[in-house]
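Dear colleague,

Please find below the structure that I am handing over to you. My findings follow it, arranged by topic so that you can trace each one in the model.

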Amino acid sequence: MYEPKATSVIRPVYEWAKREPQKTALVWSGNAVSYGRLARGIEAVRRSVGELGLPIGSTALVVTKTLLDCWTVGMALRALGLHTADVASIDAAPALGLRNVSCVVADPASWQRSVVKASPWPGARTVRLPASIYAGIPAGPTPDLPMDTPPQGGNILYTSGTTGAHKKLLLSGEDEARRSANRAAVYRLGPETVWHVAYLRPWTAVGFKMPLAVWHAGGCVVFDQRSRWAEHFVALGTTNALLVVSMVNELLDAHERLGRPKGDWQLIVTSGFLPAATARRVSSTLTDKLEICYGSTELCGPALRTIVAAMDDVHWLSPCEGYALEIVDEQGAACPTGTEGHLRVRLGELDYGSYLDDAETSRTVFRDGWFYPGDMAVRRADGKIRVLGRSADVLNVRGHKHAVAPIEHAIEEIMGGKTVCLFSGINSVGQDELVVAVESEQPIEPLALREVAHRFASFENVRVAVLREFPRTQTGTAKVDRNALRKRLFAQDTAVHGPGVPGTPT
């Protein structure tokens, strides 16, 4: 297999365009774009923005509706030595707290939606894209790879973090070729690969990492931003899909509604764990090739994975080659087999070890060569690991993180001032679950329970646990010991009550 030796973000695309210009590089919402056309689009943006002389190493904000334009612009900017940050809107960008912003590149729709009256980034240039980048690019020869390309820029991924504030990670351009080659090897990508990422954008780990790996290998990436993307799934010749749990549910519903036949393709599920019942639906409706994967934005590749051959394999994952994982207690000592503890992963040379502009969080999460993702886990005798849920004070539901304190305070108002703690995790039947723990010596009034049920109507699985007394720390101000409380809540299902059903304290 031909393997381009990428040293620049645009090199794989340009080299495959030289070799097979008509080969499909991506399909966006049903529209195929060849490697040759993608290379011409990138080159047009690179030349146009390059005339501005923006400082190498500065940050460019990319605000586009379509993933076709987003990737075209993003690769062109990074080839100019700029760091890129894909943002949902110009108005939302200031919350990221990005420094050294040299330009904002946006499509007409984004400019029209913006209500920002004064630029939060003094001196930043504005680049207004045409309604369609490719409409004005004629067919022609494949561009040559520029010889004067500066060190390529990186891309900024971001999440809400454990405090509800954005946690940012700059995936630098350095060693990007090695990272893409690593992922291509892990997932066995090649020119025949058709990899579906649906509508995931480049500020997410999956949405950024996988397209680069596929193009490194000369395959095709499918982006689908149509509202009924799941109904079009089978028409695209997909060989692989890496989807989050909510996307899997969308896909299942569409296949069952339309009576579509089961296919011969690989489904990899990440950012959450499938309940066993959902895994059975996948095997009967979508494909026999189901894999569960656990990874993090901070890691180059997955840390844990399992190919589901039986339902017992859904929640118990094996460490991936190249990664060492441990489960430790609060003091960092290894937990015995079968004992819950904090998961940690030994960092490799292609992983990341710090957050952007956040030294404090970096010191907490990256310690002595280990990465602490903030999850509880347990290992069984055969070495397989089950991730049990978040240990930090943040809700992680269907891959989305929610700051916990404001929600807890609102529920405490409903509960008449009683102490409330919220947790998300995996229950005894393998479902992602939101637990509302209430400290009370008296049963909760039905009206309050109904209000809680209404507040969390968008969550599939919610239960209320009423405890007479929460476990407390033994020092200082006797705060709630959230780790101990979480263990208690997820170790038993007998002390729980669904919203709308009066709960008796236990």
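**Helix α8 against helix α9**

In α8, the residues V248, N249, L252, D253, H255 and E256 meet T278, R281, V282 and T285 of α9. Sorted by class, this contact of α8 with α9 has three nonpolar, four polar and three charged residues. Please bear in mind that the model is predicted.

Two packed helices are described by the angle between their axes and the distance between the axes. Helix α8 covers residues 245-258 and helix α9 covers residues 276-285; they pack at an angle of about 45 degrees, and their axes are 11 Å apart. An angle counts as roughly parallel under 35 degrees and as roughly perpendicular from 65 to 115 degrees. The two helices α8 and α9 are therefore oblique to each other. Their crossing is left-handed.

**Helix α3 and its two partners**

How do α2 and α3 pack, and at what angle? Helix α2 (residues 35-50) packs with α3 at an angle of about 50 degrees, with the axes 8 Å apart. That angle makes α2 oblique to α3. The crossing in which α2 passes α3 is right-handed. On the α2 side, the contact is made by L38, G41, I42, V45, R46 and V49, and on the α3 side by T72, V73, M75, A76, L77 and A79. By class, the contact of α2 with α3 has nine nonpolar, two polar and one charged residues.

The other partner is helix α6 (residues 205-216), whose axis comes within 13 Å of the axis of α3 and crosses that axis at roughly 80 degrees. Helices α3 and α6 are therefore roughly perpendicular to each other. Here W71, M75 and R78 of α3 meet G207, F208, P211, L212 and W215 of α6. The classes in this contact of α3 with α6 are six nonpolar, one polar and one charged residues. Residue M75 of α3 takes part in the contact with α2 and also in the contact with α6.

**The largest cavity**

How many cavities of 30 Å³ or more does the structure hold? There are four cavities of that volume or more. The largest cavity contains about 90 Å³ of space. Its lining consists of V62, C70, W71, G74, M75, R78, T84, A85, D86, N155, P202 and F208. By class, these are seven nonpolar, three polar and two charged residues.

Which element gives the most to this lining? Helix α3 does, with five residues. Both α3 (67-79) and β4 (83-86) supply at least two residues each to the lining of the largest cavity. Some names recur here: W71, M75, R78 and F208 line the largest cavity, and these four residues also belong to the contact of α3 with α6.

**The second largest pocket**

The second largest pocket holds about 320 Å³ of space. It is lined by 15 residues, of which N182, V186, E321, G322 and Y323 are the closest to its centre. Helix α5 (residues 176-186) contributes the largest share of this lining, namely three residues. By class, the lining of the second largest pocket has six nonpolar, four polar and five charged residues.

When you open the model, you may wish to begin with α3, which meets α6 through W71, M75 and R78 and gives five residues to the lining of the largest cavity.

With kind regards

Key: Residues are numbered from 1 along each chain as its sequence is written. This is a predicted model: local features need pLDDT of at least 70, side-chain atom pairs count only at pLDDT 80 or more; totals for chains, interfaces and linings use all residues. Side-chain values use heavy atoms; hydrogens and water are left out. On a 1 Å grid over the protein atoms alone, a cavity is a set of points where a 1.4 Å probe fits but cannot get out, and a pocket is an open set with protein on both sides within 12 Å along at least five of seven lines; lining residues have an atom within 4 Å of a point. Grid points are joined across faces, edges and corners, and a volume is the space filled by probe spheres set on the points. Ala, Val, Leu, Ile, Met, Phe, Trp, Tyr, Cys and Pro count as nonpolar, Asp, Glu, Lys and Arg as charged, and the others, Gly among them, as polar. Axes are lines fitted to C-alpha atoms, for helices over the stretch in contact, and angles run from 0 to 180 degrees between N-to-C directions. Angles under 35 degrees count as roughly parallel, over 145 as roughly antiparallel, 65 to 115 as roughly perpendicular and the rest as oblique. A crossing is left-handed if the near helix is turned anticlockwise from the far one by less than a right angle, and right-handed if clockwise. Contact means heavy atoms within 4.5 Å.
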